[in-house]
Amino acid sequence: MSSLLNVFTRTSRRISAVCLRQHSSLTTELIENMDRKSTWDRFYTETYTNTPSFKNFEWFFGFESVQDLIMPYLSIKSHTDPMIEVLDMGCGTSALGPSIFRNSPFLVRVTCADISPIAVRMMQEHTQAKAIQSHHPSSQIEFLELDCTHLHRHFGPRSVDLIVDKGTTDALLRSKEGKGKAGQVLKQCLKVLRNSGALLQFSDEDPDARLLWLETEAREHGFMAADVAVQEVGQLRGVCYYCYQVTPRSPIQQ
């Protein structure tokens, strides 16, 4: 069995387990069409229907598992930027973005963006109800409905310091029609990231497959538009996770 098929099988089992717990018919649609807004609207509606209280839904793992990979980037940027712009891309109802906002001792503006307005509304309401406080008194957080293949509609060129992607690219790559969208998302990230910025993709996809894809998609006019590296996050429930680090190259480096 190929590494890609292994990855897809693990994803399918996780999704199926969630849907079966809810006695939902959503399983097949979610596995095949994770690139569609309608699929995620249905997922979040069914996940939280008749739920007595809101609970963050985490793909892969929570903030605690990756904070030691995220916080050093904020520390480095704090020496050069008065406010660090952070994008949690495809945030869903994860606590990742709010946890960065809450735990960062540095001044940050965290934008949690998702294609599903249902997820965005739930996160807004939960954050307001819990009155989540930031570590830095002037830090900001916002929740935004946004198709991440069109980041330029909200973010200017070279305006973002850090983009975190926990499973969003995985969802696109594992959809029947999502691979092209995944490439668009990567290119959009490279356009809005500052030259000193970084994209962190958290994934369970094997480096042999993901590194090749990243290096292929990061090429522009025959030149590499970014540097790509990988670091192992660790194992959880028998699955190994990785952090893929994509950093834009300045034109002179190309």
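Trainee: What is phi in A131, which follows α6?
Mentor: A131 comes right after α6 and has a positive phi, near 50°. Helices here are DSSP runs of H or I with at least four residues, strands are runs of E with at least two, and both are numbered from the N terminus.

Trainee: What sort of model is this?
Mentor: This is a predicted model, in which local features need pLDDT of at least 70 and side-chain atom pairs count only at pLDDT 80 or more, while totals for chains, interfaces and linings use all residues. Residues are numbered from 1 along each chain as its sequence is written, and side-chain values use heavy atoms, with hydrogens and water left out.

Trainee: Back to α6. What should its 14 residues span?
Mentor: Helix α6 covers residues 117-130, and at 1.5 Å a residue it should span 20 Å. Its end C-alpha atoms are 20 Å apart, so the two values agree. The expected span is 1.5 Å times one less than the number of residues.

Trainee: Which residues in α6 are buried?
Mentor: I118, A119, V120, M122, M123, H126 and T127. Buried means under 20% relative accessible area, exposed means over 50%, and partly exposed is in between, with a 1.4 Å probe and protein chains only.

Trainee: And what covers the buried residues of α6?
Mentor: The cover includes helices α3 (37-48) and α5, along with strands β2 (108-114) and β3 (140-145).

Trainee: Take I118, then. What is its relative accessible area?
Mentor: The value for I118 is 17%, which means that this residue counts as buried. Leaving aside neighbours within four places in sequence, I118 is in contact with D41, Y44 and T45; contact means heavy atoms within 4.5 Å. The C-alpha atoms of I118 and F43 are separated by 9.6 Å, with the two positions 75 residues apart along the chain.

Trainee: Changing topic: at what angle do α4 and α5 pack?
Mentor: Helix α4 (residues 67-77) packs on helix α5 (residues 96-103) at about 50°, and the axes are 12 Å apart. The axes are lines fitted to C-alpha atoms, for helices over the stretch in contact, and the angle runs from 0 to 180 degrees between N-to-C directions.

Trainee: Which word describes how α4 and α5 lie to each other?
Mentor: They are oblique. Under 35 degrees would be roughly parallel, over 145 roughly antiparallel, and 65 to 115 roughly perpendicular; the rest is oblique. The crossing of α4 and α5 is right-handed: the near helix is turned clockwise from the far one by less than a right angle, whereas anticlockwise would make it left-handed.

Trainee: Which residues meet there?
Mentor: I70, M71 and L74 from α4 meet L96, I100 and N103 from α5. That contact divides into five nonpolar residues, one polar and no charged. Nonpolar covers Ala, Val, Leu, Ile, Met, Phe, Trp, Tyr, Cys and Pro; charged covers Asp, Glu, Lys and Arg; the others, Gly among them, are polar.

Trainee: What about the packing angle of α8 and α9?
Mentor: α8 and helix α9 (residues 207-217) pack at about 65°, with axes 10 Å apart. Their crossing is right-handed. K179, A182, G183, L186 and K187 in α8 meet W213, L214 and E217 in α9, giving four nonpolar residues, one polar and three charged.

Trainee: How far does α8 reach from its first C-alpha to its last?
Mentor: Helix α8 (residues 179-192) reaches 20 Å with its 14 residues, close to the 20 Å expected. Its buried residues are A182, G183, V185, L186, Q188, C189, L190 and V192.

Trainee: Now the loop between α3 and α4. Where is phi of N50?
Mentor: Phi of N50 is positive, near 65°. Most residues other than glycine have a negative phi. N50 lies in that loop and counts as exposed at 77% relative accessibility.

Trainee: And F60: buried or exposed?
Mentor: F60 is buried, with a relative accessible area of 7%. F60 also lies in the loop between α3 and α4, and its phi is positive at about 70°.

Trainee: Which residues is F61 in contact with, leaving aside neighbours within four places in sequence?
Mentor: V66, K166, F202, L236 and Y241. F61 is in the α3 to α4 loop and counts as buried at 5% relative accessibility. F61 and L236 are 175 residues apart in sequence and 8.0 Å apart in space, C-alpha to C-alpha.

Trainee: Last one: how many helices and strands does the protein chain have?
Mentor: Nine helices and nine strands. Of its 254 residues, 52% are buried.
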